Amino acid sequence: MSWMINCKEATHLVLQGQDAALPWADKLRLRFHLVICAACPRFVHQMALMKSAMGPWRGYRDHLDEPPGT
């Protein structure tokens, strides 16, 4: 396993990290990449922004799934 990852691999790890905790080795590889890359930290920021913007929508969507009259 190489410690140097490319942007495609970093993007994959960022997205994977939103669904589940990453193993410590992957976290370290991602952090190292984010230090040396200019574009990927912006991607991480954009993903966090989209996640926070979708938060209210998830609550609204879950409320619509309830049976009428509850």
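# Group meeting: a three-helix chain, one helix face at a time

Okay, let me start with one residue: Leu34 comes out as partly exposed, because its relative accessible area is 24%. Leu34 sits in helix α2. If we skip residues up to four places away in sequence, Leu34 touches Cys40, Pro41 and Val44. There's also a long hop along the chain here: Leu34 and Ala10 are 24 residues apart, yet their C-alpha atoms are separated by 8.2 Å. Keep in mind, please, that this is a predicted model.

Let me back up to the whole chain. We've got 3 helices and 0 strands, so the order from the N terminus is simply α-α-α. Of the 70 residues, 19% count as buried. The accessible surface is about 5600 Å², and 64% of that belongs to carbon and sulfur atoms. For the contact-map people: take contacts between residues at least 6 apart in sequence, and 62% of them join residues at least 24 apart.

Now helix α1. Does its length make sense? Well, what span should we expect for the 13 residues of α1? At 1.5 Å a residue they should span 18 Å, and the end C-alpha atoms are 19 Å apart, which agrees. The buried residues in α1 are Ala10, Leu13 and Val14. They sit on the same side of α1, because they cover an arc of only 100° around the axis. Go round to the other side of α1 and you find Lys8, His12 and Asp19, which are exposed.

Two residues in α1 deserve a closer look. Val14 lies in this helix, and it counts as buried because its relative accessibility is 12%. What does Val14 contact, leaving aside its neighbours within four places in sequence? Leu30, Phe43, Val44 and Met47. Notice that Val44 is also on the list for Leu34. As for distances, Val14 and Asp26 are 12 residues apart in sequence and 9.9 Å apart in space, C-alpha to C-alpha.

The other one is Gly17, again in α1. Gly17 counts as partly exposed, because its relative accessibility is 36%. Gly17 and Lys27 are 10 residues apart in sequence, with 8.7 Å between their C-alpha atoms.

On to α2, which covers residues 24-36. α2 has 13 residues and reaches 19 Å from its first C-alpha to its last, close to the 18 Å expected at 1.5 Å a residue. Its buried residues are Ala25, Asp26, Arg29, Leu30 and His33. Looking down the axis of α2, those buried residues fall within an arc of 130°, so they line one face of the helix. The face turned away from that buried side carries the exposed residues Trp24, Arg31 and Val35.

Some of you will have spotted charged residues on the buried list. Which partner does the side chain of Arg29 meet in a salt bridge? Asp26, at 3.2 Å, N to O. Both of these residues lie in α2, 3 residues apart, about one turn of the helix. Both are buried, too. And the salt bridge count comes to 1, so if you use the 4 Å cut-off between nitrogen and carboxyl oxygen, Arg29 with Asp26 is what you get.

Staying in α2, have a look at His33. Is His33 buried or exposed? Buried, because its relative accessibility is 6%. Not counting residues up to four places away in sequence, His33 touches Ile5, Asn6, Cys7, Ala10 and Cys40. Ala10 is one of the buried residues of α1, and Cys40 also touches Leu34.

Last stop, the outside. Which residues form a nonpolar patch on the surface? Met4, Phe32, Val35 and Ile36, with about 430 Å² of accessible area together. Val35 we've met already, among the exposed residues of α2. Met4 comes from elsewhere in the chain: it is found in the segment before α1, which runs 7-19. At 49% relative accessibility, Met4 counts as partly exposed, because the line for exposed is over 50%.

To wrap up: α1 has Ala10, Leu13 and Val14 buried, and α2 has a buried face that includes the Arg29 and Asp26 pair. On the surface there's the nonpolar patch with Met4 in it. That's me done, thanks.

Note on methods
Residues are numbered from 1 along each chain as its sequence is written. This is a predicted model: local features need pLDDT of at least 70, side-chain atom pairs count only at pLDDT 80 or more; totals for chains, interfaces and linings use all residues. Side-chain values use heavy atoms; hydrogens and water are left out. Patches are made of residues with over 30% relative accessible area and no salt bridge: like charges are joined within 9 Å, nonpolar side chains (Val, Leu, Ile, Met, Phe, Trp, Tyr) within 5 Å. Accessible areas come from the Shrake-Rupley method with a 1.4 Å probe; for residues, only the protein chains shown count as cover. Helices (H or I, at least four residues) and strands (E, at least two) are DSSP runs, numbered from the N terminus. Buried means under 20% relative accessible area, exposed over 50%, partly exposed in between (1.4 Å probe, protein chains only). Contact means heavy atoms within 4.5 Å. The expected span of a helix is 1.5 Å times one less than its number of residues. The arc is that of the directions from the helix axis to the C-beta atoms.
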